[in-house]
Amino acid sequence: MRYLVTGGAGFIGSGIVRELARRGETIVVIDDLSTGKESNLKGLLDRVEFHRASITDLEAVGRAARGADFVIHLAARTSVPRSVEEPLETNAINVEGTLKVLLAARDAGVRRLVYAASSSAYGDQPTLPKVETMAAAPISPYGVTKFTGELYLQVFTRVYGLETVALRYFNVFGPRQEPGSPYSGVLARFMLALLRGEQPVVFGDGEQSRDFTYIDNVVEATLGACTAAGVSGRVLNVATGSRVTLNETLRILERLAGRPAQARYERPRAGDILHSQADIALARKLLGYEPRVNFEEGLRRTWEWYLSEYGRAAAESRPGTAM
Ligand code: UD2
């Protein structure tokens, strides 16, 4: 089968490409390398037809989609604070870009499009866990754009008969997540700080919680959603079904690093929600999804990876460290 992965050089996209390659599938990637990196596809580039272009370029998306059986649409601006600072750009990529990917998928006659939706669609409603039947109520520009993408999918299913599935990923983490940007996911940022001997920064009191989901679970759910029967038009949570606070993650990271984190606490971030935890019964039922790698195991694997990728360089750049 031929798969087009938008954002295939990103953190989640490269995980999907790696698994597709392992399964012997034909892989096309479209990525403008704005946040993705070719190095994420190290050892895989000869297995991939690579289109360096933005999803906002309709012709380029059309060329990449030609002949595809499945489209996995991950390309996006994926940061709440960046969306607060740059709502127009976030909208152009996440909403207009998604619309163009949908048009290209429709015109290419693909079997199904699977979309990376987000837990941010739920907003800050106090009810936990978040279940798909709850009304969406995003509280950041990012959440609005990701939820708008879901609405477009449903309209394309209804109006044009395009099969679609929206997967609401909950705080994905794992190897290859970019740690070095102020917009990076919190666990990647915490790990890099610990490796560099710097203080991790916590926005708020650290008692906010997330359903942190290890990348392998997300890859499994996403590929399952391409081929499962009876899921077209659905919105499904992809998560672990549990949650941990940032303070708890710091305690586990202290054990892994073998030293105190000495976190610095700052003002809460605009657009942030407090707690997030998914009900994953629907994905279990419809996809046979099971989060095989739990949070602690995922964190251990991720720490090992950052240690091997960034550990030495970080130690060398640390003031007063003799190597
Ligand atoms: C949102 C979505 C997630 C995904 C992601 C894409 C929710 C619940 N989650 O993640 O599903 O779509 O966006 O980027 O909406 N923080 C710190 N220190 C740091 C960095 C972050 O304390 O150095 C805090 C941050 O204020 C927040 C928490 O950590 O309370 C998680 O932040 P994040 O940026 O990792 O992810 P989040 O929840 O915005």
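A surface patch is made of residues with over 30% relative accessible area and no salt bridge, with nonpolar side chains joined within 5 Å. In this predicted model, V155, V159 and Y160 form a nonpolar patch of this kind on the surface, and together they have about 280 Å² of accessible area.

**The patch and its helix**

V155 is found in helix α5, which covers residues 141-160. The relative accessible area of V155 is 39%, so this residue is partly exposed. The loop between β5 (112-118) and α5 contains P138. P138 is also partly exposed, because its relative accessible area of 23% falls between the limits of 20% for buried and 50% for exposed. Between P138 and G258 the separation is 120 residues in sequence and 38 Å in space, taken from C-alpha to C-alpha.

**The ligand site**

The ligand is surrounded by 23 residues, of which the closest are T78, R189, V201, R210 and D272. The table lists polar partners of ligand oxygen atoms.

| Residue | Partner atom in the residue | Distance to a ligand oxygen atom |
|---|---|---|
| T78 | polar backbone atom | 2.7 Å |
| S119 | N or O atom in the side chain | 2.8 Å |
| D272 | N or O atom in the side chain | 2.4 Å |

Taken alone, the ligand exposes 740 Å², and the protein buries 92% of that area. Two or more residues of the shell around the ligand are given by each of the elements α6 (186-196) and β8 (201-203). The largest share of this shell comes from β8, which supplies three residues. By character, the residues of the shell divide into 10 nonpolar, nine polar and four charged.

**The surroundings of S209**

Is S209 buried or exposed? The relative accessible area of S209 is 0%, and this residue is therefore buried. S209 has its place in strand β9, which covers residues 209-210. The side chain of S209 takes part in a polar contact of 2.8 Å with the side chain of R243. Another polar contact, also of 2.8 Å, joins the side chain of S209 to that of H275.

**Summary**

The regions described here include a nonpolar surface patch of V155, V159 and Y160, a ligand with 92% of its area buried by the protein, and the buried residue S209, whose side chain has polar contacts with R243 and H275.

Conventions. Residues are numbered from 1 along each chain as its sequence is written. This is a predicted model: local features need pLDDT of at least 70, side-chain atom pairs count only at pLDDT 80 or more; totals for chains, interfaces and linings use all residues. Side-chain values use heavy atoms; hydrogens and water are left out. A residue is near a molecule or strand if one of its heavy atoms lies within 4 Å of it. A polar contact is a pair of N or O atoms within 3.5 Å; within protein, one must be able to donate a hydrogen and the other to accept it, and residues adjacent in sequence count only if both atoms are side-chain atoms. Accessible areas come from the Shrake-Rupley method with a 1.4 Å probe; for residues, only the protein chains shown count as cover. Helices (H or I, at least four residues) and strands (E, at least two) are DSSP runs, numbered from the N terminus. Ala, Val, Leu, Ile, Met, Phe, Trp, Tyr, Cys and Pro count as nonpolar, Asp, Glu, Lys and Arg as charged, and the others, Gly among them, as polar. Patches are made of residues with over 30% relative accessible area and no salt bridge: like charges are joined within 9 Å, nonpolar side chains (Val, Leu, Ile, Met, Phe, Trp, Tyr) within 5 Å. A salt bridge is a side-chain nitrogen of Lys or Arg within 4 Å of a carboxyl oxygen of Asp or Glu. Buried means under 20% relative accessible area, exposed over 50%, partly exposed in between (1.4 Å probe, protein chains only).
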